[in-house]
Amino acid sequence: MVATFNLSSFNPGPFILLGIPGLEEFHVWIGILFFIIYLVALAGNSILLYLISMERTLHEPMFFFLSMLAATDVILSNTCVPKTFSIFWLGPQEITFPACLTQMFFLHYSFAMDSAILLAMAFDRYVAICFPLRYTNILTRQIITKIVVAIVSRSFCIIFPCVFLLKRLPFCRTLFIPHTYCEHIGIAQLACADISINIWYGLAVPIMTVTSDLILIGISYGLILRAVFNLPSRDARKKALNTCGSHVCVILIFYTPAMFSVLTHRFGHNIPRSFHILTANLYVAIPPALNPIIYGVKTKQIREKIILPFFSKGN
C-alpha cells in the first residue's frame, strides 16, 4: 500500500484540464473567439518580426526590443492558446505531469520576459528623449547585449525554481484542474502536502519583479514627461509624446489585467470561479494579439512599411 502511495504521489498520472466550469454550454463559441485571437496574434507578431529583421531602417534598439516582445508573445500564445481552444471544442483534455510543468514554466517565463522587456523599452525611450545626442553612445551593441542577457537570466532564475517546488510535492488527490492551462498555484493546490512555500514564493515573485518593473517604468516616464514639457516647440512635444504613445498603450494592456487578475484572485472571494478563469485566459490571449496592432498603428516607421506595398500595388 505504501509503495502504491509513493508511485501515485511522486509520479502522478496525467492531469485533466476541464476548461471553464460553469460555462460549458458556451465553450464552442469561446473556442472560436480564442482561435481568431490566436490567428491575429500569430500573424501580427510574425509580420512584426519579418519587418524588423528585413528592413535595415528598423535595425535600432527600440525595434530590437520590440522584436523581443513579439517573439515572447509568440511563445506565450503557443504555450497556452492552442490547448485552450482544443479544450473548448473537444472537451476536457489530458496533459502529462512533465508537459504540465513545461507549460507552467513557459507561461510564467513569458510573463516575466514581457515585464522585463517593457522596462527595457521604457529605458530606451528615456534615453532617446532625455539624451537624444548621446543615444547611440549610451545604447551601444554591447550594452544592448548585456540588457538582453539580464532579461533572459532574470526571467529564468525567478521562474525555474517553481518547477522544483512542484516536483517535490506528493499528489494523492484528484488530478482534475478546473482551468484551461497549468499554472503554479493551480497545480500546487492538488497536492496532499503543505504548499506554504509555493504560495509565498508565488506571491514574492510578482511583488519583487512586476512591482519593481512598474516602479522603474513609472520613474522613466516621469522623467520623460518632465523632459517633454521642457521642450521649446509644441511640435517637438507632440512628436515625443507620439513616440511613447504605443509603448504606454502596451504597458496598460499588459499590467492592468495582470493586476486585476492578481487582486481578484487574492481578494475577490465572492467573484465566481468561471469569471476568474475567463479573465486569466483573456490575459494570456489578448495582449499578444493587440501588441502588434498597436505598434503597427502608432509607430510611423512600421505603419509605413505595412501600408507602402499596398499603395505601390494600387499605383
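# Worked exercises: a core, a helix and a disulfide

The largest nonpolar core of this predicted model has 91 residues, and Phe 15, Leu 66, Leu 118 and Phe 171 have the most contacts inside it. Helix α4 (residues 97–130) gives the most to this core, with 21 residues. Here a nonpolar core is a set of buried Ala, Val, Leu, Ile, Met, Phe, Trp, Tyr and Cys residues joined through side-chain atoms within 4.5 Å. Buried means under 20% relative accessible area, exposed over 50%, and partly exposed in between, with a 1.4 Å probe and protein chains only.

Residues are numbered from 1 along each chain as its sequence is written, and side-chain values use heavy atoms, leaving out hydrogens and water. Because the model is predicted, local features need pLDDT of at least 70 and side-chain atom pairs count only at pLDDT 80 or more, while totals for chains, interfaces and linings use all residues.

## Exercise 1: the overall fold

Task: How many helices and strands does the protein have, and in which order do the elements run?

Solution.
- Step 1. Count the elements: the secondary structure comes to 11 helices and three strands. Helices (H or I, at least four residues) and strands (E, at least two) are DSSP runs, numbered from the N terminus.
- Step 2. Read them from the N terminus on: α-β-α-α-β-α-α-α-β-α-α-α-α-α.
- Step 3. Turn to burial: of the 315 residues, 47% count as buried.
- Step 4. Look at the contacts, meaning heavy atoms within 4.5 Å. Among those between residues at least 6 apart in sequence, 79% join residues at least 24 apart.

## Exercise 2: helix α4

Task: What span should α4 have, and how far apart are its end C-alpha atoms?

Solution.
- Step 1. Set up the estimate: the expected span of a helix is 1.5 Å times one less than its number of residues.
- Step 2. Apply it: the 34 residues of α4 should span 50 Å, and the end C-alpha atoms are 49 Å apart, which agrees.
- Step 3. Check the surroundings: 28 of the 34 residues of α4 are buried, so the helix is largely enclosed by the rest of the structure.
- Step 4. Compare with the record: an unreviewed UniProt entry lists residues 63–85 and 105–123 among its "transmembrane region" segments. Such annotations may be inferred rather than shown by experiment; their positions are given in the numbering used here, and feature names are shortened.
- Step 5. Examine those two segments in the model. Residues 63–85 are 100% helix and 0% strand, with end C-alpha atoms 31 Å apart. Residues 105–123 are also 100% helix and 0% strand, with end C-alpha atoms 27 Å apart.

## Exercise 3: the disulfide

Task: Which cysteines does the disulfide join, and which parts of the chain does the pair tie together?

Solution.
- Step 1. Search for cysteine sulfur atoms within 2.5 Å of each other, the cut-off for a disulfide. The structure holds one.
- Step 2. Name the pair: Cys 100 is joined to Cys 182, with 1.9 Å from S to S.
- Step 3. Place the partners: Cys 100 lies in helix α4 and Cys 182 in the loop between β3 (176–177) and α7 (184–188), so the pair ties together parts that are 82 residues apart in sequence.
- Step 4. Add the geometry: the link of Cys 100 and Cys 182 is left-handed, with -110° about the S-S bond. Both Cys 100 and Cys 182 are buried.
- Step 5. Look at two other cysteines: Cys 130 is partly exposed at 22% relative accessible area, whereas Cys 162 is buried at 5%.

## Exercise 4: around Met 104 and Glu 183

Task: Which residues does Met 104 contact, leaving aside neighbours within four places in sequence?

Solution.
- Step 1. Locate Met 104: this residue lies in helix α4 and is buried, with a relative accessible area of 0%.
- Step 2. List its contacts: Cys 162, Val 163, Leu 166, Cys 182, Glu 183, His 184 and Ile 187.
- Step 3. Follow Glu 183, in the loop between β3 and α7. Not counting residues up to four places away in sequence, Glu 183 touches Met 104, Leu 107 and His 108.
- Step 4. Finish with the backbone: a polar atom of the Glu 183 side chain lies 2.9 Å from the backbone nitrogen of Gly 186.

Conventions
Polar contact = N/O pair within 3.5 Å; in protein donor to acceptor, adjacent residues only side chain to side chain.
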